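Reader: I am new to this structure and would like a close look at its cysteines. Please take me through them with care, and then show me the chain around them.

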Amino acid sequence: MFKLTKAQYDAHVMDTYARFDVDFVRGEGCTLYDAAGKAYLDFASGIGVNSVGYGHPAWVDAVAKQAAALAHVSNLYYTGPGGRLAERLTALSGLETVFFSNSGAEANEGMIKCARKASADTYGDWRHTIVTLRDSFHGRTLTTLAATGQDVFHQRFHPLTEGFIHVPRGDIGALKRLGGDVCAVMLEIVQGEGGVLPCPQEYLQQVAALCAERDWLLCVDEVQTGVGRCGSFFAFQKMGLKPDLVSFAKGIAGGLPFGGFLAGQRAARTLRPGDHATTFGGNPVCCAAALATLDILDPVLGAVDAKGAFIRERILAMNLPAVNEVRGLGLMLGVSVQGAPRVLVQKLLDAGLVCLTAGGDAIRLLPPLVISFDDLERGLAIFEEVVRNAS
Ligand code: PLP
């Protein structure tokens, strides 16, 4: 079966992903099963998406019921799940309005448009530059690639959208030296794809203060860090920030493609009819999935930090020669290793533990937020054996 699937991909799917040789057919709780019936414990959540694990009965029920009732009508009309979700997300974030999209890149595109228009409405079109950080990752569309502070992703795709500058993470002086046409700063609280690199809280607060002083919009990309991944609903809340715009995606709908961005008072009413749109955004099935995801996560979020600390302490206590450090926030962790992370991730997969790579030297761990301490313990035992034998 797997051979046929692989042959079909090889023949007909564009070769854009370095896939591992596994054909997953089913998931249950925090365990995935391949076509041969082999079980794998999941420390990856489909890159931070499956925060409620696989096949959660409340999630399945909500999706099935909404699919049966009404799957899609477009944004020309009102639907109940969209209204309920908007109310929940604004309450959870402390922001005022939301725009629904379908992916992280699209969420960031909308956030960028909103930031530029908010500035243009006050100062005119000339004030349009958005500052982002080196090693950041904001998506694969041409504009979010331009925002992404890693040249490796830009090569062969020029010209990118104009009006982005990248400065080093943690260097407040580099930001202060900018002026003139800057309208916004956009950053991740923990750079995920860049290697699970947290921004220091003091730096984030300096950035926020500078944004307030210069009337730059503070835009936080919470596509990977958000929806409980870092221990608070949004990671900015842990850092004591009050951003103007916040994007989210990945974990919001527990496995369906969904995202969006939230705006505070400064930009809440900036976008008007005709300014921005997407056919599927706020699709009732995705909204129902998101509402169920929020319900499931509500009692779970309080334990995310303890689970992250458990992983960190257990790995450090293993005293593995190949491990340099464990970094990150909540259940978004990077284990910096000696040697190629991809080789270790392959070995972990062979041993039945699904993990991720990230930029640089890190094995990235993004387990479902609902994972039990028993499952963590079992996964860490596999981790220890594989990494110890590899060193
Ligand atoms: N922003 C961040 C911080 C991300 O981690 C990602 C994806 O990894 C994106 C944006 C792009 O999201 P998507 O792949 O859903 O377009």
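Author: A residue is called buried when its relative accessible area is under 20%, and exposed when that area is over 50%. The model is a predicted one, and in it Cys-114 has a relative accessible area of 2%, so this cysteine is buried. The cysteine sulfur closest to that of Cys-114 belongs to Cys-219 and lies 8.2 Å away, which is too far for a bond, because a disulfide requires a pair of cysteine sulfur atoms within 2.5 Å. Cys-230 is likewise in no disulfide, its nearest cysteine sulfur being that of Cys-199, at 11 Å. With a relative accessible area of 0%, Cys-230 is buried as well. By the distance rule, the number of disulfides comes to zero.

Turning to the chain around these cysteines, buried residues make up 54% of its 391 residues. The chain holds 13 helices and 17 strands, and its radius of gyration of 21 Å is close to the 21 Å given by the globule rule for 391 residues, so the chain is as compact as a globular protein of that length. The C-alpha trace spans about 60 × 50 × 45 Å along its principal axes. Among contacts with a separation of 6 or more, 72% join residues that are 24 or more positions apart. On the outside, the chain exposes about 17200 Å², of which carbon and sulfur atoms supply 54%. Its charged side chains comprise 35 positive and 40 negative ones, and the centres of these two sets lie 1 Å apart.

Definitions and conventions:
Residues numbered from 1 in each chain as written. Predicted model: local features only at pLDDT ≥ 70, side-chain atom pairs only at ≥ 80, totals over all residues. Heavy atoms only, no water. Helix = DSSP H or I, 4+ residues; strand = E, 2+ residues; numbered from the N terminus. Rg over C-alpha atoms; globule rule 2.2 N^0.38 Å. Buried < 20%, exposed > 50% of the residue type's maximum accessible area, 1.4 Å probe, protein only. Contact = heavy atoms within 4.5 Å. Areas by Shrake-Rupley, 256 points an atom, 1.4 Å probe, with all protein chains shown as cover. Lys, Arg positive; Asp, Glu negative; His and termini not counted. Charge placed at Lys NZ, Arg CZ, Asp CG, Glu CD.
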